[in-house]
Amino acid sequence: MLFDVERCRLAARTDDDELIRVDLSTRTVLTPIPLSVAPWDIATTPDGTSAVVTGPFDDAVVVVALTDGTTSGPIAVDEPREVDVDDIGHTAYVTTPRGIHTGVTAIDLASQSVASSVDLD
C-alpha cells in the first residue's frame with residue numbers, strides 16, 4: 001500500500017496492470033482501474049485527486065484521476081522508475097536510469113507533458 005488519504009489506499013497489481021483502491025472504512029476493494037502500463041511506482045497529488053504511475057517496461061507515465069478512475073497519457077519517458085509529486089501538485093519528478101547514468105524528468109501535470117529532463121551523472 002502506497003497512499004492513504006482519509007480512508008482509501010492504493011496498490012498496484014503488476015500482473016494485471018491495474019491500480020487497486022481499498023476503502024478502509026468498509027474494508028472493501030473498489031473497482032480496479034485498468035492502466036495502459038505495467039506499474040512500477042505510484043505518487044499522488046497533495047489533494048489526493050490524482051495518481052502518477054510509472055511504467056518502465058512501457059517507457060511511459062500515466063496520470064489517473066482517482067475521483068472517477070479515468071487515465072490519461074501515456075506520457076513518453078524513457079524507463080521511468082520512481083516518482084514523486086511536488087508539494088503543490090504541479091510537477092511530477094521521475095527518475096530515469098539511462099545505462100550507467102541516472103536522470104530526472106519533470107512532468108508538468110497541467111499539460112501532462114515532459115517539461116524538462118536532466119542527467120545527474
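Helices (H or I, at least four residues) and strands (E, at least two residues) are DSSP runs, numbered from the N terminus. The structure is a predicted model, in which local features need pLDDT of at least 70 and side-chain atom pairs count only at pLDDT 80 or more, while totals for chains, interfaces and linings use all residues. Residues are numbered from 1 along each chain as its sequence is written, and side-chain values use heavy atoms, with hydrogens and water left out.

**View 1. The loop between strands E3 and E4 holds Arg-27**. Arg-27 lies between E3 (18–23) and E4 (28–29). Its phi is positive, about 55°, although Arg-27 is not a glycine. Most residues other than glycine have a negative phi. With a relative accessible area of 78%, Arg-27 is exposed, a term for values over 50%, whereas buried means under 20% and partly exposed lies in between (1.4 Å probe, protein chains only).

**View 2. The loop between strands E12 and E13 holds Gln-112**. The flanking strands are E12 (101–108) and E13 (113–119). Gln-112 has a positive phi of about 50° and is not a glycine. Gln-112 counts as partly exposed because its relative accessibility is 28%.

**View 3. The whole chain is built from strands, with zero helices**. The chain has 13 strands. Of its 121 residues, 41% are buried. The accessible surface comes to about 6,600 Å², and carbon and sulfur atoms account for 50% of that area; accessible areas come from the Shrake-Rupley method with a 1.4 Å probe, and for residues only the protein chains shown count as cover. A contact means heavy atoms within 4.5 Å. Among contacts between residues at least 6 apart in sequence, 26% join residues at least 24 apart.

**View 4. An open sheet of four strands runs in the order E6-E7-E8-E9**. The pairing in this sheet is antiparallel; two strands pair if DSSP finds at least two bridges between them. E6 and E9 (71–76) are the edge strands, each pairing on one side only. From one strand to the next, the twist averages 20°, with axes taken as lines fitted to C-alpha atoms (for helices over the stretch in contact) and angles running from 0 to 180 degrees between N-to-C directions.

**View 5. Strands E6 and E7 form a hairpin**. Four bridges join E6 (residues 41–44) to E7 in the antiparallel sense. Ile-42 has Val-53 in E7 as its bridge partner. Five residues separate the two strands, and Gly-48 in the turn has a positive phi of about 75°.

**View 6. Thr-54 is a buried residue of the sheet**. Thr-54 is found in E7 (residues 50–55) and counts as buried because its relative accessibility is 0%. A polar atom of the Thr-54 side chain lies 2.6 Å from the backbone oxygen of Arg-81. Not counting residues up to four places away in sequence, Thr-54 touches several residues, among them Val-37, Trp-40, Val-61, Val-83 and Val-94.

**View 7. Strands E8 and E9 form a hairpin**. E8 (residues 60–65) and E9 pair in the antiparallel sense over four bridges. Ala-60 has Ala-76 in E9 as its bridge partner. Five residues lie between the strands, and Gly-69 in the turn has a positive phi of about 80°. Pro-74 is found in E9. The peptide bond from Gly-73 to Pro-74 is cis, with omega near 5°. Most peptide bonds are trans.

Methods: Polar contact = N/O pair within 3.5 Å; in protein donor to acceptor, adjacent residues only side chain to side chain.
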